[in-house]
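Biologist: Please take a close look at the strand pairing in this model. Start with the shortest connection you can show me, then work outward to whatever else holds the chain together.

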Amino acid sequence: MTPPRHLDTTASTPVPDREPGWWRSAVVYQVYPRSFADSDGDGMGDLQGIIDHLDHIAELGADVVWLSPIYRSPQDDNGYDISDYQDVDPMFGTLEDLDRLIAAVHERGMKLVMDLVVNHSSDEHPWFQESRSGRDSAKRDWYVWRPPRPGHTGGEPGAEPTNWHSFFSGSTWEWDEASGEYYLHLFSRKQPDLNWENPEVREAVHAMMRWWLDRGVDGFRMDVINLISKEFGPDGGLPDGAAKPGTRYGDGSPFYMNGPRNHEFLHEMHREVYADAAILTVAETPGVTLEHARLFTDPARREVDMVFQFEHVGLDHGPGGKWDLSPLYLPDLKLNLAAWQEGLADGWNSLYWNNHDQPRVVSRWGDDSPEHRVASAKTLGTVLHMMRGTPYVYQGEELGMTNAGFTSIEDYRDIESLNHYREQLEHGADPAAVLAGIAPVSRDNARTPMQWDDSPAAGFTTGTPWIAVNPNHTEVNAAAARRDPGSVFHHYRRLHELRHTHDVVVDGSFRLLLPEHEQVFAYTRTLAGSPTLLVVANMSSQPATVTLAGLADQLAGEVLLTTHDDGAPAQGEELTLAPWESRVLLG
Ligand code: NOJ
């Protein structure tokens, strides 16, 4: 796409008006900068690339751009390891480029949300460098340092202070020979956890956030923010987690997820940083329960606006966890999402299928065969976007982009996948079996370059992309989608329009229909003063017939959006849907 050149993105533009609660009718578009658009041919996306393609996002009707981290970083975890919270990594550009991006976003009437990654920093952050310089360092207590397990020699297997397994394989503890203690890292060893018990840490984070608000950003997506409060014993000790028989590591999550001071810390952040700012705050909260989510999002408690919960994206995890995917049983998904819709009826949900950590939904729960890819991508979009909450679209989802199809470990770049592969092979696992487990679920599925056109590197770069482009970019690409009125792109655009034009989509209460049906996802949204909205979707590659008792009027009502213009008319309360056909009806 040729970017329009008429916009003066160097002029400083005022921050758009932010009415309290503006995000209730908003759609958020997530940009993963390293994979979005490369403007200088080094194979890596950058800020200028984003500026050049902002009109794509604006035309899609998104209201907010969420930017995954662009801060200075050694890139051990693609920028989720930050060594300077107040600078841009040179691979993405400069602070001035970021100012131009903020202005260009605002000029298009959109808002910009930054990623806030403060459960941990990089081990190359000056705070950590100072902390590790010695046990008497003034910043020693900014991180979590502990002596070896009593009776053990530091650095020896089993001497770690607890048996916790890191999210990225191995122990959560790294031995520091020079200062004779271990430091905690729930993620990679280059991502040491900050010690939120220390008020100086919290003050430094608040000051940094205020600095970004002054720079014009409109909100924060808070990375794993429900891991910041660890359950320290009175002596500062941390307990071992339960370990499966025959495994070396245990599950420490009961001692660091939704910890004892989590709500207090977020309430304090609200008070110190954004009480009067009317920004968007979304807390990424793995392992969050509905009960905790209600507390996080209750407006009266003044913590955050919404959370990313993980229950629905765990429904297809098998006995071996995320690397052991099994087919989704549709009633499980419906019941789970309905529980969140009803459970947060007085609060607010975020709605998502995809992000930079999840495989592509059309490959996961849709049907990415040539026959059904477009319809299944549209139908998945429909059932998600017509629910109550703020929808998040991950780059390429609006094109129906699919999983990467990688077949060799050399194709992968993601630290989580690579560490898992190495750890499994160390335990004697069959490489082919491990690869087969990684392929459908690896985070790299989401991270292949954005497919702008059918040229050799998909219009992402003129150089060599940092990770392989999906070969299906010859068909699946933005240029083709924008030309085709029947594309996933235009379907998503209409979904966003419906949110902006129909109050019932924003505020209507949710009722699940046919909970046990194994093919069809159907629900209503009702709001006083509005006709009822009915969503009925065949989530399978076979035709489906349903009877919707008492909903004949809605079935015969106005068709707001459909995947199939030639769909069969309802016969009273009975409706037959083609594979992956869905309808949004008002009546
Ligand atoms: C969650 C982020 O979404 C993920 O990409 C990252 O690896 C971890 N947090 C650690 O920051």
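Modeller: Two strands pair if DSSP finds at least two bridges between them. Strands (E, at least two residues) and helices (H or I, at least four) are DSSP runs, numbered from the N terminus. This is a predicted model, so local features need pLDDT of at least 70 and side-chain atom pairs count only at pLDDT 80 or more, while totals for chains, interfaces and linings use all residues. Residues are numbered from 1 along each chain as its sequence is written, and side-chain values use heavy atoms, with hydrogens and water left out.

Start with the hairpin. It connects β12 to β13 through 2 residues. β12 covers residues 317-318 and β13 covers residues 321-325. The two strands pair in the antiparallel sense, over 2 bridges. Look at Gly318: its bridge partner in β13 is Gly321.

Now the open sheet of 3 strands. Its order is β6-β8-β7, and the pairing is antiparallel. β6 (145-146) and β7 (173-176) are the edge strands, each pairing on one side only. β8 spans residues 181-184 and is joined to β6 by 2 bridges. In that antiparallel pair, Arg146 faces Tyr182 of β8 as its opposite number.

A salt bridge also involves the loop after β8. The term means a side-chain nitrogen of Lys or Arg within 4 Å of a carboxyl oxygen of Asp or Glu. Here the partners are Glu124 and Lys190, at 2.7 Å from N to O. Glu124 is in the loop between β5 (111-116) and α4 (126-131). Lys190 is in the loop between β8 and α5 (199-214). The contact therefore links distant parts of the chain, 66 residues apart. Over the whole structure, the search finds 34 salt bridges.

β5 leads to another sheet, an open one of 8 strands. Read across, the order is β11-β10-β9-β5-β2-β1-β15-β14. The pairing in this sheet is parallel. At its edges are β11 (306-308) and β14 (350-351), and each pairs on one side only. Pick out β1 (residues 28-31) and β15 (residues 390-394): they run parallel, with 3 bridges between them. Tyr29 has Val393 in β15 as its bridge partner.

Last, step back to the domains, whose bounds come from an automatic or database domain assignment. Domain 1 takes in 22-123 + 194-488, and domain 2 is 508-586. Their C-alpha centres lie 31 Å apart. In contact (heavy atoms within 4.5 Å) are 24 residues of domain 1 and 26 residues of domain 2. Together the domains bury about 2100 Å². Buried area is the accessible area (1.4 Å probe) that two parts lose on being put together, summed over both. Of this interface area, 69% is on carbon and sulfur atoms. Lys334, Thr379 and Met386 supply 28% of the area that domain 1 buries against domain 2, more than any other three residues.

Across this interface, the rule finds 0 salt bridges. On the side of domain 1 that touches domain 2, the elements giving two or more residues are α8 (330-343) and α10 (373-385). α8 gives the most, with 9 residues.
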